[in-house]
Every structure is written in structure tokens, then in C-alpha cells.
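Work through the exercises below with the structure open. Each task is followed by a solution in steps.

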Amino acid sequence: MTAVPLDRARTPPSAWYTDPRMHDHDRDALLARTWQYCGAASALAEPGSSLHADVAGRPVVFVNDPETGVRAFYSVCQHRGGPVGVRCGQATFFQCRYHGWTYNLDGSLRGTPQFERGPSFDPGAHGLKPVRHAEWGGLLFACTDPDAPDLDEFVAGIDALVAPLTVDGKAFHMREVYPVNCNWKVYVDNYLEAYHLPHVHPEYARTLDYAGYREELHGWWSVQRGRLEGDTGYYGALGEGVELFYLMVWPNLMLNLAAGRLQVNMVRPLAHDRCEVLFDYYYADSTSDAARAAIAEDSVVSARIQAEDAEICERVHQGLASPAYDSGCYSAKREQALHHYHNLLREWYGKSGVPV
Ligand code: FES
Ligand SMILES: [Fe+2]
């Protein structure tokens with residue numbers, strides 16, 4: 001499909017954001033078929049440790065099997081669908097919370113208390129269903145599509161572009177979760193452009209070299225990059241001239257990278273008009289006095305910027321849902337990454353048979 005040039009292109013129709021049927025389409029045709037960020041790989045460092053994640057609305061449990069390393073399964077018991085592996089920490093087997101069936105760490109069925117089925121019952125057909133998983137830059141991912149390309153394809157080139165910075169090498173510090181009353185793609189769209197910065201985040205915009213801020217488009221990702229020139233707030237504490245990278249990785253992962261600091265944002269749809277955004281903070285240093293002060297400031301500044309973004313996204317969703325709007329246009333100077341993302345989306349919907 002040939003993309004329409006930016007200066008003539010129209011933005012997607014508002015139904016992509018406001019039609020309740022798009023929630024299922026996005027979950028099944030897009031998020032369930034792509035790599036989803038699940039947390040810090042370090043959570044599985046210890047043999048026997050486990051991690052639960054929501055992967056495109058499906059419950060998944062990771063475990064570090066002392067024999068074979070990290071494994072991932074749907075957290076779905078094969079008796080009647082109960083949740084398994086819910087005990088975090090030093091698990092030696094999975095157990096379902098509903099009626100207590102147990103599974104070995106390779107997913108095979110281990111025990112069925114008080115079950116008393118006859119010889120026709122085949123334990124081998126009742127193991128946990130595995131899920132693909134991968135690690136990149138210390139981040140853990142899962143994908144529920146057995147046929148999707150490997151994660152490497154989706155992040156190819158990022159490491160080289162951000163060098164000498166790295167996504168890896170920082171320790172997980174904390175997670176915050178923000179609900180937002182808008183379609184998840186409204187939030188992504190907002191992330192993808194700095195056009196709104198002077199109007200929605202005037203204080204933050206004053207710390208940036210806005211004129212020098214630029215966008216670069218790659219296969220499955222894009223980056224916005226700029227340098228700090230002010231000295232206010234947390235970003236000022238990073239130091240004047242520090243380069244910031246805002247990476248959008250297909251389809252719902254955002255990596256905000258600076259020296260010694262990585263903030264991972266992942267937006268998850270909850271309904272066609274509701275989503276939540278995970279903020280995972282990683283730092284190279286979180287223990288020195290200076291680092292602790294900077295991290296406290298980071299949390300305050302990030303919460304303020306998020307509140308500003310959430311408020312405008314909710315208002316935009318209302319606008320998209322009104323009869324006054326269907327499709328708009330792009331700034332050729334400031335909305336290139338947005339156009340790139342919409343082209344990927346249009347192509348993906350077309351390939352997947354989503355009726356848009
Ligand atoms: S649903 Fe898991 S033991 Fe019954
Ligand atoms: Fe913003």
C-alpha cells in the first residue's frame with residue numbers, strides 16, 4: 001500500500017478511535033500479534049522467580065526454571081480456566097488457585113487433587129499452553145502469536161542509534177499506572193508529536209531546544225530527539241545539552257531515554273474509550289544522595305507532564321467522538337512520526353482484514 005505524502009495525507013477517521021468494535025480488533029489483530037512489554041527481565045534473575053503480566057488482555061506467567069531458564073505460559077489452568085502460578089517468589093511448581101491442580105515448571109500437568117477421573121483422562125493433553133517470550137535491553141516481552149516475526153526485527157537499529165547510550169544497564173526502580181479516559185491510540189498519537197509541547201507543557205518546553213528537536217523514522221519505530229537547554233526541573237538536573245530520545249516502538253511501547261535514565265511507557269487499552277499507561281522507571285544509579293533527589297524530582301515532573309497529557313487526550317477523545325470531526329491533517333514540520341505510525345497502522349489493518 002503506497003502511503004500518501006505527508007503534506008497531502010489525511011489523519012485516520014475518528015471511527016478508528018471511537019467505534020467500540022475497534023477495541024476487539026486492536027486487541028486481536030494488533031496487540032495479540034505483536035511483542036508486548038511485560039516488565040524488567042531482572043525480576044526473573046533468581047531461579048524459581050516468577051512474574052505475571054497482561055499480554056493483550058491475556059494472563060501470562062513467566063518463571064525462571066532452574067533447569068532450563070525463563071519460560072512463559074498462559075496463566076490458564078486446563079481444568080476450567082483458573083489462574084495458575086500466582087505465587088510469586090521461589091516457586092517450584094505452578095498451582096491453580098481454583099481447585100489446586102499443579103503443573104511442573106515445564107508446563108506439564110503434575111497433580112489433580114480429588115479428581116478421580118478414569119483411565120481415559122490424558123494428563124499429557126492438559127499441560128499449560130506456552131507463550132513466546134524474548135528479552136531486549138533488560139526488558140522482558142511476550143507475544144501470543146506463534147507466527148509473528150522475532151522481537152529483534154521490531155527493535156533493529158535502536159541500539160546503534162542511541163549509542164553511546166543504551167537501553168540496558170539500568171535497574172528497575174518503580175512502576176506507576178495512570179488511567180486515561182481516551183482510546184489508547186489517542187495517547188500514542190499524542191506521544192508521537194512535539195507540536196503540542198509549547199501549549200500543553202509550557203514549562204517543559206522551556207527546557208528544550210525546541211527548534212532543534214527532530215524526528216527520525218525507521219521500519220517499526222520512530223524517534224524524537226532533542227537537547228536540553230534550560231535548567232528547570234528534573235531535566236535540568238540531568239545537565240544542559242543532554243540529549244533525550246523519545247522512541248515509539250510498534251505498536252504501543254514508548255522508551256524515554258537519557259543518560260542514566262530510562263522511562264518505559266506502555267499503553268494498554270481497557271475499552272474503546274479507556275486505557276491505562278504504565279510508567280516503569282529504570283536508573284543507572286538510584287542509591288546516591290544526588291540520584292535519590294533527582295529521582296524524586298523525576299517522579300514529580302513526570303506526574304505533572306502525564307496529567308497534562310491525560311487531560312488533553314481526554315479532551316481530544318471527546319472531540320473525535322463529536323459530530324464536528326472526522327479526519328484532519330498533519331503538520332509537515334512537526335508530525336512526521338505520527339504520519340509514519342498511522343501508515344503502519346493502516347497497512348496492518350489492511351493486512352489483518354480489520355474493516356476500517
Ligand atoms: S480451574 Fe484450575 S484446578 Fe480447577
Ligand atoms: Fe505531551
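**Exercise 1. Find the residue of β7 that stands opposite Tyr103, then place the pair in its sheet.**

Solution. This is a predicted model.
- Start at Tyr103: its opposite number in β7 is Leu109.
- Next, take the strands. Strand β6 (residues 102–103) pairs with β7 in the antiparallel sense, over two bridges.
- Widen the view. The sheet is open, has three strands and runs in the order β5-β6-β7, with antiparallel pairing.
- Now the edges. β5 (94–95) and β7 (109–111) each have a single partner strand, so one side of each lacks a neighbour in the sheet.

**Exercise 2. Describe the pairing of β8 with β9 and the hairpin that they form.**

Solution.
- Strand β8 (residues 132–136) pairs with strand β9 (residues 139–143). The sense is antiparallel, and there are five bridges.
- For one opposed pair, take Arg132, which faces Cys143 in β9.
- Then look at the turn. Two residues lie between the strands of this hairpin, and Gly137 has a positive phi near 60°.

**Exercise 3. Count the aromatic pairs, then classify the pair of Tyr191 and Tyr246.**

Solution.
- Pairs need ring centres within 6.5 Å. By that rule there are 16 aromatic pairs.
- For Tyr191 and Tyr246, the centres are 6.4 Å apart and the planes stand at 70°. Edge-to-face requires planes over 60 degrees apart, so Tyr191 and Tyr246 form an edge-to-face pair.
- Locate the partners. Tyr191 belongs to helix α5 (residues 184–191) and Tyr246 to strand β13 (residues 243–249). The two are 55 residues apart, so the pair links distant parts of the chain.
- Check burial, for which the cut-off is under 20% relative accessible area. Tyr191 has 14% and counts as buried. Tyr246 has 12% and counts as buried too.

**Exercise 4. Which class fits the ring pair of Phe279 and Tyr281, and are its members buried or exposed?**

Solution.
- The ring centres of Phe279 and Tyr281 are 6.5 Å apart, with planes at 40°. The pair is therefore tilted.
- Phe279 has a relative accessible area of 4%, so this residue is buried.
- Tyr281 has 0% and is buried.

**Exercise 5. Trace the contacts of Ser302 and state its surroundings.**

Solution.
- Ser302 lies in helix α9 (residues 289–321).
- Its relative accessible area is 3%, so Ser302 is buried.
- Leave out residues up to four places away in sequence: Ser302 touches Arg261, Gln263 and Tyr281.

**Exercise 6. Which residues make up the ring cluster, and which charged ends sit over the rings of Tyr17 and Tyr210?**

Solution.
- Ring pairs join Phe154, Trp220, Trp250, Tyr341 and Trp348 into a cluster.
- Over the ring of Tyr17 sits the charged end of Lys185, 5.6 Å from the ring centre.
- Over the ring of Tyr210 sits the charged end of Arg334, 3.7 Å from the ring centre.

**Exercise 7. Compare the radius of gyration with that of a compact globule, then summarise the fold in numbers.**

Solution.
- A compact globule of 356 residues would have a radius of gyration near 21 Å. The protein has 22 Å, so the two agree.
- The C-alpha trace spans about 70 × 55 × 35 Å along its principal axes.
- The protein has 10 helices and 16 strands.
- Of its 356 residues, 52% count as buried.
- Take contacts between residues at least 6 apart in sequence: 61% join residues at least 24 apart.
- The exposed area is about 16100 Å², and carbon and sulfur atoms supply 51% of it.

Terms used
Residues numbered from 1 in each chain as written. Chains lettered and ligands numbered in written order. Predicted model: local features only at pLDDT ≥ 70, side-chain atom pairs only at ≥ 80, totals over all residues. Heavy atoms only, no water. Phe/Tyr/Trp six-rings, centres within 6.5 Å; stacked < 30°, edge-to-face > 60°. Helix = DSSP H or I, 4+ residues; strand = E, 2+ residues; numbered from the N terminus. Buried < 20%, exposed > 50% of the residue type's maximum accessible area, 1.4 Å probe, protein only. Lys NZ or Arg CZ within 6 Å of the ring centre and 35° of its normal. Rg over C-alpha atoms; globule rule 2.2 N^0.38 Å. Contact = heavy atoms within 4.5 Å. Areas by Shrake-Rupley, 256 points an atom, 1.4 Å probe, with all protein chains shown as cover. Pairing = 2+ DSSP bridges.
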